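This report describes a ligand site, a pair of metal sites and some backbone angles. The sequence and the model come first.

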Amino acid sequence: AGLVARLARFWLGCVALWRARRQARELQARLDSAIDNGEFCFHYQGKFDTAQLRLVGLEALLRWDHPRHGLIYPNAFIGLAEQTDAIVALGNWGIDAACRQLVQWRAAGLPLVPVAVNVSARQLCQAHLPDFVLRCLQRHAIPPGLLELEVTESCCIDDMAQATLGLRRLRALGLAISLDDYGTGHAGLSHVRMLPIHTIKIDRSFIRDLGSGGSADCDTVIVASTIAMARGLGLQVLAEGVEDGEQLAQLRRLGCPQVQGFYLHRPAPVAEVAALLAAGAPAGRVTASQQGAMR
Ligand code: C2E
Ligand code: MG
Ligand code: MG
Ligand code: MG
């Protein structure tokens with residue numbers, strides 16, 4: 001009976017794998033037409049200053065509104081897009097879309113904050129990226145300071161020279177550059193040294209256990225020393241993935257200047273973001289936590 005059960009489980013596993021592969025192939029084949037069909041959109045998540053919890057920026061997070069599968073999150077398709085040139089088309093679409101969104105908010109008379117777009121390694125290594133970004137900004141009359149790029153450490157070392165060159169040009173144009181998911185790669189410190197970044201975004205895996213038990217002590221040291229390093233280098237720091245008031249309180253104690261996470265604001269469709277921009281701060285719950293943390 002044990003053998004039969006194991007065989008059945010193995011067979012079910014194979015079917016699941018086959019299904020997942022088929023769906024991935026299907027998604028990959030549809031990426032380009034999905035861009036043309038307008039099936040992609042951004043959800044926006046607020047970034048806040050830790051002291052006052054005022055909105056200091058927004059991160060644009062890609063969503064695929066698939067006609068049959070519904071809303072698909074980036075982890076299900078960014079990797080697929082990176083295997084083909086679709087990532088370049090998608091990345092270009094994203095930069096233009098963020099600029100168009102800023103134009104709409106400006107037209108609505110809303111106070112603007114910088115919008116950060118995630119840029120994949122493949123995109124970053126395209127020599128034409130700085131020109132493309134510049135053309136977008138000019139076309140929409142957006143000041144470069146309102147656009148930010150988030151790059152991850154996954155950018156391979158072979159491409160570092162090209163990536164660094166591109167980022168230097170973008171920085172010279174006035175764009176801010178963030179190093180995303182800091183601490184998860186194998187070369188975090190060399191990226192800090194080589195890339196012309198403004199902000200270190202500490203990966204949420206180091207924030208998760210802050211203020212609780214677990215590996216909290218080790219994480220506290222890592223976060224504290226990252227903050228100290230950033231300060232020494234004159235860089236901004238942001239803690240990602242803040243999910244509760246304890247983590248926020250601990251980040252306050254550690255002097256982390258900026259925070260982002262579900263506790264403060266969940267990524268929201270554009271219709272809901274206007275209110276956040278208008279208010280400049282999140283509502284209710286956060287005020288309570290702010291009081292809690294200041295006790
Ligand atoms: P990321 O740039 O590190 O973005 C943060 C991710 O963490 C987002 O997931 C966000 O929803 C999630 N998050 C934010 N706060 C919390 C929290 O408190 N707890 C937890 N558990 N998660 C939180 P999302 O939207 O699924 O995006 C995943 C990744 O996909 C992003 O990670 C980014 O690397 C990539 N991505 C998103 N949009 C784009 C894009 O336009 N282009 C490229 N190339 N990559 C993108
Ligand atoms: Mg990001
Ligand atoms: Mg991140
Ligand atoms: Mg990430």
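## Terms and model

Helices (H or I, at least four residues) and strands (E, at least two) are DSSP runs, numbered from the N terminus. The model is predicted.

## The site of ligand 1

Ligand 1 sits in the largest pocket. There are 23 residues around ligand 1, and those that come nearest are Arg-63, Asn-118, Asp-180, Glu-243 and Phe-262. By class, the shell holds 9 nonpolar, 6 polar and 8 charged residues.

Which strands each supply at least two residues of this shell? They are strand E1 (40–49), strand E2 (55–66) and strand E6 (176–182). With 4 residues, E2 gives the most to the shell.

## Polar contacts of ligand 1

Oxygen atoms of ligand 1 make polar contacts with several side chains. For Asn-118, an N or O atom of the side chain is 2.8 Å from an oxygen atom of the ligand. For Glu-59, a polar side-chain atom lies 3.0 Å from a ligand oxygen. For Glu-240, the distance between a side-chain N or O atom and an oxygen atom of ligand 1 is 3.3 Å. On its own, ligand 1 has 810 Å² of accessible area, of which the protein covers 85%.

## The magnesium ion, ligand 2

Two residues with polar contacts to ligand 1 return here as metal donors. The magnesium ion (ligand 2) is coordinated by Glu-59 (OE), Asn-118 (OD1), Glu-150 (OE) and Asp-180 (OD), at 2.0 to 2.2 Å. Along the sequence, these donor residues follow the spacing E-x58-N-x31-E-x29-D. Glu-150, in strand E5 (residues 147–152), and Asp-180, in strand E6, are 30 residues apart, and the pair links distant parts of the chain.

## The magnesium ion, ligand 3

The magnesium ion (ligand 3) has as its donors Asp-180 (OD), Asp-181 (OD) and Glu-240 (OE), with Glu-240 (OE) listed twice, at 2.0 to 2.6 Å. The spacing of the donors along the chain is D-D-x58-E. Which residue coordinates both the magnesium ion (ligand 3) and the magnesium ion (ligand 2)? Asp-180 does, and the two ions are 4.1 Å apart.

Asp-181 lies in strand E6, whereas Glu-240 is in the loop between strand E8 (236–239) and helix H9 (245–254), so this pair ties together parts that are 59 residues apart in sequence. Glu-240 thus appears in both settings: as a donor to the magnesium ion (ligand 3), and with a side-chain N or O atom 3.3 Å from an oxygen atom of ligand 1.

## Backbone angles

Most residues other than glycine have a negative phi. Asp-181, a donor of the magnesium ion (ligand 3), has a positive phi, near 55 degrees. The place of Asp-181 is in strand E6.

Ala-141 also has a positive phi, of about 55 degrees, although it is not a glycine. Where is Ala-141 placed? Ala-141 is in the loop between helix H5 (129–140) and E5.

Technical notes: Residues numbered from 1 in each chain as written. Chains lettered and ligands numbered in written order. Predicted model: local features only at pLDDT ≥ 70, side-chain atom pairs only at ≥ 80, totals over all residues. Heavy atoms only, no water. Near = heavy atom within 4 Å. Polar contact = N/O pair within 3.5 Å; in protein donor to acceptor, adjacent residues only side chain to side chain. Areas by Shrake-Rupley, 256 points an atom, 1.4 Å probe, with all protein chains shown as cover. 1 Å grid on protein atoms, 1.4 Å probe; cavity = no way out; pocket = protein on both sides within 12 Å on 5 of 7 lines; lining within 4 Å. Sits in = over half its atoms within 2 Å of the grid points. Nonpolar A, V, L, I, M, F, W, Y, C, P; charged D, E, K, R; others polar. Donors = N, O, S within 2.8 Å, 3.2 Å for Na, K, Ca; no water.
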